[in-house]
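Please look at the structure below with two topics in mind: the surroundings of the ligand, and the way two helices pass each other.

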Amino acid sequence: MATPHDVIHHADYFQLDASLSPEFLDLRDRIRVFGDEHILPVINEHWERAELPTAVLEPLAELGVVGTYIPDYGCPGLSRLGAGIVAREFGRIDGSINTFLGVHSNLAMGSIYLLGSEEQRQRWLPEMARMAKTGAFALSEPAHGSDSVSLETSARREGDTWVLNGHKRWIGNGHAADRTVVYARDVVDGEAKVFVVEKQPDGTFSPGYRPTPIVGKLAKGAIVQADIIIDNVVVPEENRLVHCESFAGVTRVLNAT
Ligand SMILES: Cc1cc2nc3c(=O)[nH]c(=O)nc-3n(C[C@H](O)[C@H](O)[C@H](O)COP(=O)(O)OP(=O)(O)OC[C@H]3O[C@@H](n4cnc5c(N)ncnc54)[C@H](O)[C@@H]3O)c2cc1C
């Protein structure tokens, strides 16, 4: 008689996997084994405590899927199908780990890859591919979710720096990330621009970056979303992703993800 474990491993109700080549079946199976070994044994207790199982990060980097569709910079350069299999398989193991990976790997790293200069990609992506640094993606605001095109967080240029002010909400890993990709509206031209807000060398947040974990969620227990006050956060011009001049940049990242 099939055990619940067997059912999880063999259920393919729409026979989708019949169309996968051996290369993609191998990717699927590597992720399933990874889930069995590293996620399933610890995930329930982490859900209960509302904590990310950070011990998973190093083996996750070794699995070779971080950065999914990004070629180079230590990322695997998967096809759309490969990236979809990564999302599907992590989704079936645990929705919170899947969300963490989507945020870190596709939204944060994806912003840097799609909107950053070559120098900015080299500066940030390899460490993130190794999970030596984690990322967050701060677009949503308390009053702007589906309509994030109306974002109100402001960016004011002062010499070689920018000063950010605003309020972000529901930001996955935003309470812990080493690098938060923050979308803000330039007060001069009114267009959306994007900035990488980094932790300081001593591991503390940039002054004025004040995250509070959102508690009481009913789902995705093992990833924390943060409410973030951004109060006169100063970011150097070199941390503005140079290829985002309008909301079209955000759309590129969301479409790719
Ligand atoms: C678990 C979780 C993780 C998240 N992680 C991140 C993150 O890492 N970074 C980030 O920036 N954001 C994140 N978000 C925010 C997410 O992007 C927003 O919740 C989402 O965009 C919806 O916005 P909202 O919550 O303000 O809802 P609203 O936009 O207020 O929508 C509420 C309801 O109204 C409907 N609706 C909205 N507009 C219309 C319309 N024009 N016509 C018809 N129906 C409409 C929606 O479908 C929905 O059912 C996260 C959210 C959650 C819950």
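In this predicted model, the ligand is surrounded by Val-103, Phe-137, Leu-139, Ser-140, Gly-145, Ser-146, Trp-170, Ile-171, Gly-172 and Gln-225, where a residue is near a molecule if one of its heavy atoms lies within 4 Å of it. Residues are numbered from 1 along each chain as its sequence is written, and side-chain values use heavy atoms, without hydrogens or water. Because the model is predicted, local features need pLDDT of at least 70 and side-chain atom pairs count only at pLDDT 80 or more, while totals for chains, interfaces and linings use all residues.

**The shell around the ligand**
- By class, the shell holds five nonpolar, five polar and no charged residues; Ala, Val, Leu, Ile, Met, Phe, Trp, Tyr, Cys and Pro count as nonpolar, Asp, Glu, Lys and Arg as charged, and the others, Gly among them, as polar.
- Strand β5 (residues 161-172) gives the most to this shell, with three residues; strands (E, at least two residues) and helices (H or I, at least four) are DSSP runs, numbered from the N terminus.

**Polar contacts with the ligand**
- A backbone N or O atom of Phe-137 lies 2.8 Å from a nitrogen atom of the ligand, a polar contact being a pair of N or O atoms within 3.5 Å.
- A backbone N or O atom of Leu-139 is 3.0 Å from a ligand oxygen atom, and a polar backbone atom of Gly-145 is 3.4 Å from an oxygen atom of the ligand.

**Two helices**
- The axes (lines fitted to C-alpha atoms over the stretch in contact, with angles from 0 to 180 degrees between N-to-C directions) of helix α2 (residues 22-49) and helix α4 (residues 80-93) come within 10 Å and cross at roughly 30 degrees.
- The two helices, α2 and α4, are therefore roughly parallel to each other, a term for angles under 35 degrees.

Conventions:
A polar contact is a pair of N or O atoms within 3.5 Å; within protein, one must be able to donate a hydrogen and the other to accept it, and residues adjacent in sequence count only if both atoms are side-chain atoms. Angles under 35 degrees count as roughly parallel, over 145 as roughly antiparallel, 65 to 115 as roughly perpendicular and the rest as oblique.
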